[in-house]
Every structure is written in structure tokens, then in C-alpha cells.
Amino acid sequence: MTKFTVNNQPVEYLLDPETPLLWALRDASNLTGTKYGCGTGECGACIVDIDGAAVPSCSVSIAACEGRFVTTIEGLSRDRSHPVQQAFAALNVTQCGYCIPGIVMAAAVLLKRTPAPTDADIDAAITNICRCGIYPRLREAIRRAGRVAQGETLLGAPPPGIDPAGAARAVPALTPRPG
Ligand code: FES
Ligand code: FES
């Protein structure tokens with residue numbers, strides 16, 4: 001049994017301790033916002049926050065997370081009010097969307113440490129792969145999110161997205177089976 005904290009909730013996984021965190025989150029916890037891209041720690045689609053570091057969840061076992069604090073895209077905010085989410089929506093950063101949760105998590109971690117990042121800071125921290133070429137808007141959104149976080153500018157939070165209960169209704173396969 002592996003115990004740690006996910007999105008401020010204590011969890012115990014009855015899985016092989018070598019299970020990658022990504023699959024525990026997606027398959028056991030139904031936290032499907034964290035995406036599977038390469039599976040080799042290179043694309044960044046699966047990045048989560050572990051104790052304040054941006055970590056590719058495909059490349060860390062649940063055993064290595066014992067006693068640690070994991071935050072996924074679902075735990076960043078309940079209503080898309082995190083400054084990075086506000087700035088991404090305001091600047092229309094997203095193209096495919098598949099890579100975005102990992103980028104948002106990496107950006108949130110960066111801004112905790114470096115509230116006013118330079119382009120070099122952003123390029124060093126955001127190594128996520130996006131094949132759509134969003135990088136110029138991405139840099140501007142991260143800089144703006146830093147200003148929002150510091151109270152230097154305001155952005156309206158975008159409308160709340162679908163919550164897990166709503167997702168289960170919309171996607172019958174996600175609805176828990178009785179018994
Ligand atoms: S799926 Fe984890 S880094 Fe690509
Ligand atoms: S926005 Fe996802 S790959 Fe470019």
C-alpha cells in the first residue's frame with residue numbers, strides 16, 4: 001500500500017508500488033486531466049507538482065511519492081481562477097489542449113519560485129513539447145500570470161469547467177458502477 005496526498009486528499013493506492021504515478025492518477029483516481037504523451041519523461045504532457053517541483057508523472061513511481069504532496073491540474077483551482085489559467089484563457093494560448101495541463105502545471109511551479117520570469121527563465125522551465133507553435137503567446141501568458149499573481153493587473157476568471165461529477169454524467173464510462 002502506498003500513501004501520499006493528492007490535491008490535498010490523503011490517498012492509499014493498492015497498486016504495484018512501481019506503478020507510474022500517471023496511471024495511478026488517471027486509472028485509479030480518475031484524474032484524467034494529466035495526459036499521457038511520450039511515456040519517457042520528455043514531452044511534459046503528464047507534469048504534476050510534487051512538493052513544489054514540476055515532475056513528469058510518467059517517470060516517477062507511486063512508491064517514490066510515499067508521504068509527498070502531489071497536485072494535479074484538477075487541484076490547481078476548482079474554478080479556473082489560478083492566474084496561469086486566467087492568462088491562458090485571456091490570451092487564447094490553447095490550440096490542441098492535450099499538452100496544456102502539463103504546461104499549466106509547469107508554469108504554475110515556475111511562478112511560485114520566479115514571479116517575474118524572463119524569457120530565458122520561461123524557456124528553461126517550460127520544456128514541454130507543443131507542436132502547434134504556441135510558444136510566443138505562452139511566454140506572454142506566463143509573464144501576465146506573474147503580474148496577476150502579484151496583484152499588478154487583473155483578469156477575469158473564465159467560466160468554470162466541467163467538474164468530475166459532471167464529467168461522469170457526460171461520459172457514461174466514467175460513471176461508478178454500483179456495488
Ligand atoms: S508522458 Fe510523461 S513526459 Fe511525456
Ligand atoms: S497546444 Fe497542444 S500540442 Fe500545441
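Helices of at least four residues and strands of at least two are DSSP runs, numbered from the N terminus.

**View 1. Overall arrangement of the predicted model.** The structure shown is a predicted model. Its secondary structure amounts to seven helices and five strands. Read from the N terminus, the elements follow the order β-β-α-β-β-β-α-α-α-α-α-α. The protein has 179 residues, of which 36% are buried. Of the contacts between residues at least 6 apart in sequence, 64% connect residues at least 24 apart.

**View 2. The open sheet of five strands.** The strand order is 2-1-5-3-4, and the pairing is mixed. Strand 2 (9-13) and strand 4 (53-56) occupy the edges; each has a single partner strand, so one side of each lacks a neighbour in the sheet. On average, and with direction ignored, neighbouring strands are turned by 40° against each other.

**View 3. Pairing of strand 1 with strand 2.** Strand 1, comprising residues 2-6, pairs with strand 2 in the antiparallel sense, and five bridges link the two. Within this pairing, T2 lies opposite Y13 of strand 2.

**View 4. Helix 4 against the sheet.** Helix 4 (residues 100-113) packs on the sheet, where it touches strand 3 (47-50) and strand 4. The direction of helix 4 makes about 35° with that of strand 3.

**View 5. Surroundings of K3.** K3 belongs to strand 1. There are 13 other C-beta atoms within 10 Å of K3, and a residue counts as exposed at 12 or fewer and as buried at 20 or more, so K3 is classed as partly exposed. Leaving aside residues up to four places away in sequence, K3 touches P10, E12 and E66. L14 lies eleven residues from K3 along the chain, and the C-alpha atoms of the two are separated by 9.3 Å.

**View 6. Contact of helix 4 with helix 6.** The axes of helix 4 and helix 6 (residues 135-149) come within 10 Å and cross at roughly 45°. This angle makes helix 4 oblique to helix 6. The crossing of the two helices is right-handed. On the side of helix 4, the contact involves I103, A107, L110 and L111; on the side of helix 6, it involves L138, I142, A145, G146 and A149. Eight of these residues are nonpolar, one is polar and none is charged.

Note on methods: Residues are numbered from 1 along each chain as its sequence is written. Chains are lettered from A and ligands numbered from 1 in the order in which they are written. This is a predicted model: local features need pLDDT of at least 70, side-chain atom pairs count only at pLDDT 80 or more; totals for chains, interfaces and linings use all residues. Two strands pair if DSSP finds at least two bridges between them. Axes are lines fitted to C-alpha atoms, for helices over the stretch in contact, and angles run from 0 to 180 degrees between N-to-C directions. Two residues are in contact if their C-beta atoms, placed from the backbone, lie within 7 Å. Angles under 35 degrees count as roughly parallel, over 145 as roughly antiparallel, 65 to 115 as roughly perpendicular and the rest as oblique. A crossing is left-handed if the near helix is turned anticlockwise from the far one by less than a right angle, and right-handed if clockwise. Ala, Val, Leu, Ile, Met, Phe, Trp, Tyr, Cys and Pro count as nonpolar, Asp, Glu, Lys and Arg as charged, and the others, Gly among them, as polar.
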